[in-house]
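Hi,

Here is the structure I promised to send over. Have a look at it first, and then read on for what turned up.

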Amino acid sequence: RARVLEASQHLTEIINSCLESETSTENLEPSEEADPADEEESLLHCLWVDKFTPRRYMELLSDDYTNRCLLKWLKLWDTVVFGKEKAVKKAKPSTEAHPPFNQPKEQQNKWKTKVQLTEEILEAELDQHKRPKYKVALLCGPPGLGKTTLAHVIARHAGYNAVEMNASDDRSPEVFKTRIEAATQMRSVLGANEKPNCLIIDEIDGAPAASINVLLNIIHRKDAEGEAAAGTGRRRRREGGLLLRPIICICNDQ
């Protein structure tokens with residue numbers, strides 16, 4: 001046991017020295033969130049799975065198609081969250097000069113890539129509040145696949161403050177509803193987290209049915225109230241209850 005511990009410590013020192021030599025030769029951007037000395041001290045005493053976890057989009061080793069789809073869906077919220085108008089893609093001049101043959105729609109879709117079809121599905125419908133049709137994204141797969149890491153990295157990459165909650169911990173529907181509303185409707189007033197929140201609900205498959213119904217009511221019932229109040233003086237007050245922040249749910253068993 002002593003030899004194993006000694007070998008492990010020796011290997012850790014080798015890895016640390018290699019990392020220090022790499023960071024000294026490369027000009028990396030300084031972290032704005034924490035002090036570099038404190039971050040280095042914390043990395044020395046953390047697990048390897050935390051120490052070497054991806055922190056940027058380009059460091060992700062998960063499926064590229066899944067990464068792009070989730071990022072594409074998250075960027076559809078930019079109009080509502082950040083007030084950015086969606087960029088309109090310009091048609092290529094080659095397609096205008098040579099119009100495609102009159103083919104049935106099924107045959108045209110046959111030659112499109114899976115990414116193109118997914119983008120068309122995601123962009124197909126936006127509701128009256130310029131939100132995407134699908135308000136919640138669901139990541140499913142076995143443990144250790146990188147679902148939670150993907151959600152956090154994508155949220156930070158898109159400009160959000162990732163707020164994580166565990167659905168199986170909050171068994172009470174009232175507590176579940178309070179935490180969802182606090183994360184999706186309230187803005188952080190602290191200087192460190194002025195970014196809008198993106199709620200990440202882990203282990204959603206362990207939540208009771210009552211909590212799932214609470215989540216569905218937040219997604220659907222508020223829409224109906226906003227539409228019913230449209231054109232009246234109460235519309236602005238009613239829209240405050242709309243879901244205006246993205247929610248990413250994670251589960252093992254779909």
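**Cysteines, sheet and a helix**

Cys69 has a relative accessibility of 18%, under the 20% cut-off, so this residue counts as buried. Cys46, at 25%, comes out as partly exposed. Before you ask about disulfides: a search through the whole structure turned up zero. Do keep in mind that this is a predicted model.

Now for the sheet. It is an open one with four strands, running in the order β1-β4-β3-β2 with parallel pairing. β1 (136-140) and β2 (161-166) are the edge strands, each pairing on one side only. On average, neighbouring strands are turned by 20° against each other, ignoring direction. If you want a spot to zoom in on, try β3 (residues 197-202) and β4 (residues 247-251), which pair in the parallel sense over three bridges; there, Leu199 stands opposite Ile247 of β4.

Which helices pack on this sheet? One of them is α4 (residues 64-75), which touches β1, β3 and β4 and has a direction at about 165° to that of β1. Another is α9 (residues 147-157), in touch with β1, β2, β3 and β4, and its direction makes about 165° with that of β4.

Last up is α10 (residues 173-185). With 13 residues at 1.5 Å each, α10 should span 18 Å, and its end C-alpha atoms are indeed 18 Å apart. Its buried residues include Phe176, Ile180, Ala183 and Thr184. Looking down the axis, the buried residues of α10 fall within an arc of 90°, so they line one face of the helix. Glu174 and Thr178 are exposed, on the face turned away from that buried side.

Cheers

How values were computed. Residues are numbered from 1 along each chain as its sequence is written. This is a predicted model: local features need pLDDT of at least 70, side-chain atom pairs count only at pLDDT 80 or more; totals for chains, interfaces and linings use all residues. Side-chain values use heavy atoms; hydrogens and water are left out. Helices (H or I, at least four residues) and strands (E, at least two) are DSSP runs, numbered from the N terminus. The expected span of a helix is 1.5 Å times one less than its number of residues. Buried means under 20% relative accessible area, exposed over 50%, partly exposed in between (1.4 Å probe, protein chains only). The arc is that of the directions from the helix axis to the C-beta atoms. A disulfide is a pair of cysteine sulfur atoms within 2.5 Å. Two strands pair if DSSP finds at least two bridges between them. Axes are lines fitted to C-alpha atoms, for helices over the stretch in contact, and angles run from 0 to 180 degrees between N-to-C directions. Contact means heavy atoms within 4.5 Å.
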